[in-house]
Amino acid sequence: TRPAGLILNNTGKMTTVITNGTLNFGDSEGIVYFNGLPSGGSAIQTIVYSSLAGQNGITFAGLSQLAEIKLSPSGGNPYTGGTRILSGRVIFSQSNALGGGDITVLGHEGGGGQLYLTANLPPITNALHISGLTGHAEGTRFGAIRFGAGNQFAGPVELLGDTRVAATQPG
């Protein structure tokens with residue numbers, strides 16, 4: 001089965017919002033690709049209120065470390081097969097937005113992916129596989145995972161290499 005993709009073309013300081021319905025990748029691996037470069041150092045942001053569905057997981061990748069995608073589906077994300085974050089920041093503000101399966105976050109020299117949990121979510125039981133020191137284009141402030149107040153993983157955690165994890169202090 002070939003991968004199926006969604007390309008988010010965005011440049012400058014614009015925010016793209018995708019609403020309504022379900023983006024269903026079927027039995028293909030879903031790929032959400034950020035295609036754009038920011039201007040003025042600001043993040044390129046996409047907000048997805050639609051649900052993501054499919055059986056072979058979703059991979060988030062793209063050109064810019066400053067790409068951000070916020071997944072906030074009203075009905076949850078029913079996809080299975082895991083979440084892979086290779087570049088950009090993927091923000092989850094609802095526990096049902098993570099889908100089923102393992103979560104893999106891969107960083108690399110000068111960037112990579114970042115999982116950002118912004119809300120006070122119930123413990124996350126998905127298995128987590130992480131590596132990366134910088135994660136997002138903020139230099140060394142935040143790593144491959146950034147936690148908002150009160151978030152925690154209750155599933156198995158595997159470090160695939162040098163890893164930085166950061167938490168946001170409330171207040």
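This is a short walk through one chain, from its overall make-up to its core and then its surface.

Keep in mind that this is a predicted model. Let's start with the whole chain. There are 16 strands and zero helices. The chain has 171 residues, and 48% of them are buried. Now the contacts between residues at least 6 apart in sequence. Of these, 69% join residues at least 24 apart. The exposed area comes to about 7,700 Å². Carbon and sulfur atoms supply 51% of that area.

Next, the core. The largest nonpolar core holds 30 residues. Which of them have the most contacts inside it? They are Phe60, Ile69, Leu71, Leu115 and Phe153. Several strands supply at least two core residues each, including S4 (30-35), S7 (58-62), S11 (103-108) and S12 (111-117). Strands S13 (128-132) and S14 (145-147) are also on that list. So are S8 (67-71) and S10 (88-92). Which strand gives the most? That is S8, with three residues.

Let's stay with Ile69. What does Ile69 touch, leaving out residues up to four places away in sequence? Leu8, Val32, Phe34, Thr46, Val48 and Phe60 are in contact with Ile69. Arg89, Val90 and Ile91 touch Ile69 as well. Val90, in S10, is the residue that stands opposite Ile69. S8 and S10 run parallel, and four bridges join them.

Now look at S10 itself. Five of its five residues are buried. Both faces are covered. On one side you have Gly88, Val90 and Phe92. On the other you have Arg89 and Ile91. Note the arginine there: Arg89 is buried, and Arg89 is also one of the residues touching Ile69.

On to Ser131. You will find Ser131 in strand S13. Is Ser131 buried or exposed? The relative accessible area is 11%, under the 20% cut-off, so Ser131 counts as buried. Setting aside neighbours within four places in sequence, Ser131 contacts Val105, Leu106, Gly107 and Ala144. Ser131 also contacts Leu160, Gly161, Asp162 and Thr163.

Two of those contacts, Leu106 and Leu160, bring us to the surface. Together with Leu86, Leu106 and Leu160 make a nonpolar surface patch of about 220 Å². Where is Leu86? Leu86 is in the loop between strand S9 (83-85) and S10. Leu86 has a relative accessible area of 35%, between the 20% and 50% cut-offs, so this residue is partly exposed.

How values were computed. Residues numbered from 1 in each chain as written. Predicted model: local features only at pLDDT ≥ 70, side-chain atom pairs only at ≥ 80, totals over all residues. Heavy atoms only, no water. Core = buried A, V, L, I, M, F, W, Y, C linked by side-chain atoms within 4.5 Å. Buried < 20%, exposed > 50% of the residue type's maximum accessible area, 1.4 Å probe, protein only. Contact = heavy atoms within 4.5 Å. Pairing = 2+ DSSP bridges. Patch = residues over 30% accessible without salt bridge, like charges linked within 9 Å, V, L, I, M, F, W, Y side chains within 5 Å. Areas by Shrake-Rupley, 256 points an atom, 1.4 Å probe, with all protein chains shown as cover. Salt bridge = Lys/Arg side-chain N within 4 Å of Asp/Glu carboxyl O.
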